[in-house]
Amino acid sequence: MRGVRTEIRIGGTGGQGLILSAKMLADALAAGGKRVAQSQTYEPTSRGGFCNADLVASETEVDFPLTPAIDYLVLLDRLAIKPSWPLLKPDALVIADTRLCPELPAGDYRRYHLPLSRTALELGSERVTNIVALGALVALSGLCERQRIEQAVRAETPRGFLDLNLDALAAGYSVRAQADAGGAAINIGI
């Protein structure tokens, strides 16, 4: 990410906490010295309609805050595939939930099909799928240091949910480790 513009999209449906997780990532990147712009798009339906949260990060000034060429895509629902797919750069990193995005189009990208929502359910609440995904994204991409994303999660999480969100973040890192060990579907350039 050194000296270049990096574009990130977290896509899914309204109510999945996409905007919150993007804000946490933006805070972690900014704490690490990056310049960050964050934007979001959502349908008029606040819950259940298409939603995405985009980030642009750079070491220099961000001159255009939108994401016309995505480097990192996190998919938490199949509704986000169609509007996001044409924007993928070749060799982009795509992280998709196995349960909510069971099939992805072919293309020149690195795909990690991970049990994000299933992991959140095992932790006790599907509501933390976004935080599991955030942990997996940071672990797979190296976008920021783990301590910075943990600090951002601590700062943005209500006290009553802090332990659950920290467990979800750690589970995201563990899902990444399982992927490296061959425990998740990983297809590169299919």
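Strands are DSSP runs of E with at least two residues, numbered from the N terminus. Threonine 13 belongs to one of them, strand β1, which spans residues 6–13. The model described here is predicted.

The protein chain contains six helices and seven strands. In sequence order these elements give the pattern β-α-β-β-β-α-β-β-α-α-α-α-β. Of the 190 residues in the protein chain, 51% are buried. The accessible surface of the chain amounts to about 8900 Å², and carbon and sulfur atoms contribute 49% of that surface. Among contacts with a separation of 6 or more, 59% are between residues 24 or more positions apart.

Within β1, threonine 13 has a relative accessible area of 10% and is therefore buried, the limit being under 20%. The C-alpha atoms of threonine 13 and glycine 48 lie 5.1 Å apart, although 35 residues separate the two in sequence. Glycine 48 is also one of the contacts of threonine 13 when neighbours within four places in sequence are set aside. The other residues in that set are Leu18, Gly49, Cys51, Asp77 and Leu79.

One aromatic pair was found in the model. The pair is formed by tryptophan 85 and tyrosine 109, whose ring centres are 4.9 Å apart. Because the ring planes meet at 90°, the arrangement is edge-to-face. Tryptophan 85 is located in the loop between α2 (81–84) and β5 (88–97), whereas tyrosine 109 is part of strand β6 (residues 109–114). The pair therefore ties together parts that are 24 residues apart in sequence. Both partners count as buried: tryptophan 85 has a relative accessibility of 16%, and tyrosine 109 has one of 1%.

Strand β5, which follows the loop carrying tryptophan 85, contains aspartate 91. The phi angle of aspartate 91 is positive, at about 70°, although the residue is not a glycine. Aspartate 91 counts as partly exposed, with a relative accessibility of 43%.

Helix α3 comprises residues 116–123. Its buried residues are Leu116, Ser117, Thr119 and Ala120. These residues cover an arc of only 160° around the axis, so they sit on the same side of α3. Threonine 119, a member of this group, has a relative accessibility of 11%. The side chain of threonine 119 reaches the backbone oxygen of proline 115 at a distance of 2.6 Å. With residues up to four places away in sequence left out, threonine 119 touches Val132, Ala171 and Val175. Just after α3, glycine 124 adopts a positive phi of about 120°.

Helix α5 covers residues 146–156, and its buried residues are Ile149, Ala152 and Val153. Viewed down the axis of α5, these buried residues fall within an arc of 100° and so line one face of the helix. Arginine 146 is positioned over the face of tyrosine 173, at 4.0 Å from the ring centre.

Threonine 157 is placed in the loop between α5 and α6, the latter spanning 162–180. Its relative accessibility of 10% classes threonine 157 as buried. The side chain of threonine 157 makes two polar contacts described here. One reaches the backbone oxygen of valine 153 at 2.6 Å, and valine 153 is itself among the buried residues of α5. The other joins the side chain of threonine 157 to that of asparagine 165, at 3.0 Å. Excluding residues up to four places away in sequence, the residues touched by threonine 157 are Met24, Leu162 and Asn165.

Technical notes:
Residues numbered from 1 in each chain as written. Predicted model: local features only at pLDDT ≥ 70, side-chain atom pairs only at ≥ 80, totals over all residues. Heavy atoms only, no water. Buried < 20%, exposed > 50% of the residue type's maximum accessible area, 1.4 Å probe, protein only. Helix = DSSP H or I, 4+ residues; strand = E, 2+ residues; numbered from the N terminus. Arc of directions from axis to C-beta. Phe/Tyr/Trp six-rings, centres within 6.5 Å; stacked < 30°, edge-to-face > 60°. Lys NZ or Arg CZ within 6 Å of the ring centre and 35° of its normal. Polar contact = N/O pair within 3.5 Å; in protein donor to acceptor, adjacent residues only side chain to side chain. Contact = heavy atoms within 4.5 Å. Areas by Shrake-Rupley, 256 points an atom, 1.4 Å probe, with all protein chains shown as cover.
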